[in-house]
Every structure is written in C-alpha cells, then in structure tokens.
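Work through the exercises below with the sequence and the model open. Try each task before reading its solution.

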Amino acid sequence: MTTTDTIAALALGVAIVAALAALGSWKAARNSNGAAQTLSRIEQQRLHTDLTPVFRCAIVANETRSTAMLRVHLEGPPGLLSHDAIEITVSIRNDNPHRGNGPQLAGTAAPEEVRAHIWGPWKFSGDGRDDTGRTVAPQQLMVGEWTRYGLTPTTPPPWSTSNTQDWLSDYENDPVRLSITARSKGSTWTVPLEVPVTTEGTA
C-alpha cells in the first residue's frame, strides 16, 4: 500500500467516524426532542386536569313540584382565578346513552326522537333553552360566582302509553343528571354531575 493509499484510507476512516458521530448526535437530538415533547404534553394534560372546574349544585322544587330552581356555583379550583370568566353550558344528560341506537321497528318512534327526549324528571324552562329543554345558553362565571336556572317537570314522550302522573312517579326520587361544559383560554372541560332534588320546606 502506498503512502497515498494509506492517507486515503485514513481520511475515509475519519470521514466514516465523523459520519457515525453525526448520525449518533442526530438520533440523540431527535430522541431528546421527542422526550421533551412528551414531557410537555404530559405537563399540559396534568395542568388541564388540575384546572378542572369544581361545581356545587342544588335543585329545590316547590311544594307541588310544578317548578324547580337549579343553582350552579363555580367553587374552584383557585388556579382558575387567573382565567377570569369561565363560559359554562349546562345540559341534562341522557340517562341511557344507548337509548335510540337500536333498529327502528314499524310504527315506532325514530331513533333521533327517542334520543332527543329527556328521560328524566326535569327540563329547563327559562329563556335561552333549546327546543327540548335539554340545554341552556352559555353563561359567564368567575370562581366564587353562581347562577341559576328554572326547571319544569318533563312529560312522557308522545308515543308512550304512560300518563303524566305515572311518568313523574317513576322519576320522583331520581337525581337530575347534568353535564356542564366549561371553556376558557382554549381549554374545554366536561363535568358530569348528579344532583338530588329537594322540596321547599324539607331542604
């Protein structure tokens, strides 16, 4: 092997070592960047969970249970104080999320009608509610503030053979199942709640 060949071989070896080192550095940087992104995502998820709004709710019906009032109080957490106002949308949950998913039989209600009906004791009655009384218009609340919503008893669906009295008796002791969606600064939380109903004079 000539001197020239030796020099060329050494140069090639150095180039290979440099290339391997560069490849190792690139892989290390990529792995480091991936780890940083994962940690950032975990931290964002943790912060989002830590800021989940805490609501205290109460429902009080009048003595004849012809009307009721839902009070929603945004209690915390303290970290939400920096978010200023929180937009909340209160809805009544479907007590059976699979209701209406089965095949429609001849002469029966359409699945969307079944899902739209409120299978529970109360619906919203005030301004800003949707056609079914399931959801009310969004409101702005800050931590420590509260709002309230009027409620009225539900009725059996048009295709039901139950009368109103029997329908309400079936739900007399049931809680109102709520879902409160809160939004602030690009974050969204959905908080499920079950709120018992008390009657004036017995609360």
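Two strands pair if DSSP finds at least two bridges between them. Helices (H or I, at least four residues) and strands (E, at least two) are DSSP runs, numbered from the N terminus. This is a predicted model, in which local features need pLDDT of at least 70 and side-chain atom pairs count only at pLDDT 80 or more, while totals for chains, interfaces and linings use all residues. Residues are numbered from 1 along each chain as its sequence is written, and side-chain values use heavy atoms, with hydrogens and water left out.

**Exercise 1. The chain as a whole**

Task: State how many helices and strands the protein chain has, and in what pattern they follow.

Solution.
Step 1. Count the elements: the protein chain has three helices and nine strands.
Step 2. Read along the sequence: the pattern is α-β-β-β-α-β-β-β-α-β-β-β.
Step 3. Add the burial. A residue is buried under 20% relative accessible area, exposed over 50% and partly exposed in between, with a 1.4 Å probe and protein chains only. Of the 203 residues in the protein chain, 31% are buried.

**Exercise 2. The sheet of five strands**

Task: Give the strand order of the open sheet of five strands, and describe how its strands pair.

Solution.
Step 1. The order is S4-S6-S2-S1-S9, and the pairing is mixed.
Step 2. Strand S4 (122-124) and strand S9 (197-199) are the edge strands, each pairing on one side only. From one strand to the next, the twist averages 35 degrees. Here axes are lines fitted to C-alpha atoms, for helices over the stretch in contact, and angles run from 0 to 180 degrees between N-to-C directions.
Step 3. Take S1 (residues 54-61) with S9: three bridges join them in the parallel sense. Ile59 has Val197 in S9 as its bridge partner.
Step 4. Take S1 with S2 (residues 68-76): eight bridges join them in the antiparallel sense. One facing pair is Arg56 and His73 in S2. S1 and S2 form a hairpin with six residues between them, and Arg65 in the turn has a positive phi of about 55 degrees.
Step 5. Take S2 with S6 (residues 146-153): these strands run antiparallel and share six bridges. The bridge partner of Arg71 is Arg148 in S6.

**Exercise 3. The sheet of four strands**

Task: Explain why S5 and S8 each have one side without a neighbour in the sheet.

Solution.
Step 1. Write the order of this open sheet: S5-S3-S7-S8, with antiparallel pairing.
Step 2. Strand S5 (139-141) and strand S8 (187-195) stand at the edges with a single partner strand each, so one side of each has no neighbour in the sheet.
Step 3. Direction ignored, neighbouring strands of this sheet are turned by 30 degrees against each other on average.
Step 4. Check one pairing: S3 (residues 86-92) and S5 run antiparallel and are joined by three bridges. Ile86 stands opposite Leu141 in S5.

**Exercise 4. Aromatic pairs**

Task: Classify the pair Trp119 and Trp159, then the pair Phe124 and Tyr149.

Solution.
Step 1. Recall the rule. Rings of Phe, Tyr and Trp (its six-membered ring) pair if their centres lie within 6.5 Å; planes under 30 degrees apart count as stacked, over 60 as edge-to-face and the rest as tilted. The structure holds four aromatic pairs.
Step 2. The ring centres of Trp119 and Trp159 are 6.5 Å apart and the planes are at 50 degrees, so this pair is tilted. Trp119 lies in the loop between helix H2 (111-116) and S4, and Trp159 in the loop between S6 and H3, so the pair ties together parts that are 40 residues apart in sequence.
Step 3. Trp119 counts as buried at 15% relative accessibility, whereas Trp159 counts as partly exposed at 35%.
Step 4. Phe124 and Tyr149 are edge-to-face, at 5.8 Å centre to centre and 70 degrees between the planes. Phe124 lies in strand S4 and Tyr149 in strand S6, so this pair ties together parts that are 25 residues apart in sequence.
Step 5. Phe124 is buried at 1% relative accessibility, and Tyr149 is buried at 6%.
Step 6. One aromatic cluster is formed by Trp119, Trp159, Trp167 and Tyr171.
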